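Colleague: I'd like a close look at one part of this model, and then a walk through whatever else you can tell me around it. Here is what I have open.

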Amino acid sequence: MARITAGVATSHVPAIGAAFDMGKAGEEYWKPVFDGYEWVKQWELEEKPDVVILCYNDHATSLMLDVVPTFALGCAEEFQPADEGWGARPVPTVIGHPELAAHMAEQLVLDEFDLTIMNHMDVDHGLTVPLSLMFGKVDAWPVRVIPLAVNVTQFPTPSGNRCWMLGEAIAHAVESFPEDLNVQIWGTGGMSHQLQGPRAGLINPEFDNAFLDGLVDETDELRKITRLEYLRESGSEGIELIMWLIMRAALGKDVEQLHRFYHVPASNTAVGHVVLRPVAGAPSAQAA
Ligand code: DHB
Ligand code: FE
């Protein structure tokens with residue numbers, strides 16, 4: 001049986017990818033950021049997940065305004081790093097898991113989540129930067145990836161609570177996949193940041209740290225945060241945090257926090273990163 005063994009959340013700032021690709025990770029500005037990911041790189045080597053369900057958002061790179069799926073599930077054999085205007089990042093092709101993805105698509109429909117099925121999708125920094133942070137520089141990613149792209153760029157974006165419910169349904173779907181697979185779920189984006197307008201540069205460490213605290217055991221409070229509150233408190237791009245709620249909900253009621261990191265700033269963004277483990281024996285989200 002497939003099992004979700006851990007959840008990982010991280011910011012996905014594109015400048016982190018550029019610094020990584022250009023060998024600047026050791027520079028004074030970047031070192032504290034990359035140091036925050038040393039722990040997880042070692043941990044991932046030990047965990048050896050088979051598949052990552054990677055919740056992220058496309059930044060009008062692959063999904064343009066002509067089609068705006070709220071939730072898009074990557075069901076393809078592979079996904080190419082996208083050209084975001086400066087050429088594609090020099091990172092390996094992302095290999096999918098079409099069998100588990102197809103199973104998820106079917107089970108999610110039965111659970112009344114009708115996801116857009118993507119049989120072709122290029123993947124931007126929202127997905128590739130977290131892979132670089134967790135696995136470093138590699139010739140091939142050591143894991144299969146099922147991309148789940150969430151619309152946080154065009155209104156109407158989904159609510160945080162809807163994302164929570166999707167995470168619960170994903171847990172349900174994974175648990176009924178017969179193959180023995182070690183599955184992780186990741187939520188990317190955030191934390192507070194605003195890239196445009198009069199409040200460009202906004203960062204709110206109080207909000208971010210309360211969110212990190214709540215992620216462990218005050219999730220009912222996080223579920224209630226409205227899109228307007230994300231906008232007001234965490235800036236126009238802080239809404240990316242709703243993708244962390246998909247990850248958290250898929251872990252069930254009780255979790256243990258294995259690692260937490262917070263750093264301000266990287267580019268325009270407050271960088272947050274957590275690693276969570278579902279508590280063994282805890283009732284799953286669906287069974288609760
Ligand atoms: C930045 C952060 C993001 O999450 C993003 O998608 C684009 C830019 C930034 O901090 O510059
Ligand atoms: Fe982003």
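With which residue does Asp213 form a salt bridge, and how far apart are the closest N and O atoms?

Modeller: Asp213 pairs with Arg260, and their closest N and O atoms are 2.7 Å apart. Bear in mind that this is a predicted model. The two partners come from distant parts of the chain, 47 residues apart: Asp213 belongs to helix α7 (residues 205-217), while Arg260 belongs to strand β9 (residues 255-266). As for cover, Asp213 is partly exposed at 43% relative accessibility, and Arg260 is also partly exposed, with a relative accessible area of 30%.

Stay on strand β9 for a moment, since His259 lies there too. With 16% relative accessibility, His259 counts as buried, because the cut-off for that label is under 20%. The side chain of His259 reaches over to the backbone oxygen of Gly36, at 3.5 Å.

Back to the charged pairs: the count of salt bridges comes to eight. Among them is the one between Lys224 and Glu221, whose side chains meet at 3.3 Å, N to O. Lys224 is exposed, with a relative accessible area of 56%, whereas Glu221 is partly exposed at 46%. Another joins Glu233 to Arg232, with 3.1 Å between the closest N and O atoms. Here Glu233 is partly exposed at 28% relative accessibility, and Arg232 is partly exposed at 47%. As a general point, side chains of opposite charge can pair when their charged atoms come close.

Now for the metal. The iron ion (ligand 2) is coordinated by three residues, through NE2 of His12, NE2 of His59 and OE of Glu240, at 2.1 to 2.2 Å. Along the chain, these donors follow the spacing H-x46-H-x180-E. His12 sits in the loop between β1 (2-10) and α1 (14-21), and His59 in the loop between β2 (51-56) and β3 (71-74), so this pair ties together parts that are 47 residues apart in sequence. The two histidines differ in cover: His12 is buried, at 3% relative accessibility, but His59 is partly exposed, with a relative accessible area of 25%.

His12, His59 and Glu240 turn up again around ligand 1. The rest of that shell is made up of Val13, Pro14, His125, His193, Leu195, Ala266, Ser267, Asn268 and Thr269. Sorted by type, the shell residues come out as four nonpolar, seven polar and one charged.

Three side chains in that shell are worth zooming in on. In Ser267, a polar side-chain atom lies 2.6 Å from an oxygen atom of ligand 1. Asn268 has a polar side-chain atom 2.9 Å from an oxygen atom of ligand 1. For His12, the distance from an N or O atom in the side chain to an oxygen atom of ligand 1 is 3.3 Å. Ligand 1 exposes 300 Å² when taken alone, and the protein buries 91% of that.

If you want one residue to centre your view on, try His12: its NE2 is a donor to the iron ion (ligand 2), and its side chain also has an N or O atom 3.3 Å from an oxygen atom of ligand 1. For the pair you asked about, centre on Arg260 in strand β9 instead and look across to Asp213 in helix α7.

Notes:
Residues are numbered from 1 along each chain as its sequence is written. Chains are lettered from A and ligands numbered from 1 in the order in which they are written. This is a predicted model: local features need pLDDT of at least 70, side-chain atom pairs count only at pLDDT 80 or more; totals for chains, interfaces and linings use all residues. Side-chain values use heavy atoms; hydrogens and water are left out. A residue is near a molecule or strand if one of its heavy atoms lies within 4 Å of it. A polar contact is a pair of N or O atoms within 3.5 Å; within protein, one must be able to donate a hydrogen and the other to accept it, and residues adjacent in sequence count only if both atoms are side-chain atoms. Accessible areas come from the Shrake-Rupley method with a 1.4 Å probe; for residues, only the protein chains shown count as cover. Ala, Val, Leu, Ile, Met, Phe, Trp, Tyr, Cys and Pro count as nonpolar, Asp, Glu, Lys and Arg as charged, and the others, Gly among them, as polar. Donors are N, O and S atoms within 2.8 Å of the metal (3.2 Å for Na, K and Ca); water is not among the atoms, so sites may look incomplete. Helices (H or I, at least four residues) and strands (E, at least two) are DSSP runs, numbered from the N terminus. Buried means under 20% relative accessible area, exposed over 50%, partly exposed in between (1.4 Å probe, protein chains only). A salt bridge is a side-chain nitrogen of Lys or Arg within 4 Å of a carboxyl oxygen of Asp or Glu.
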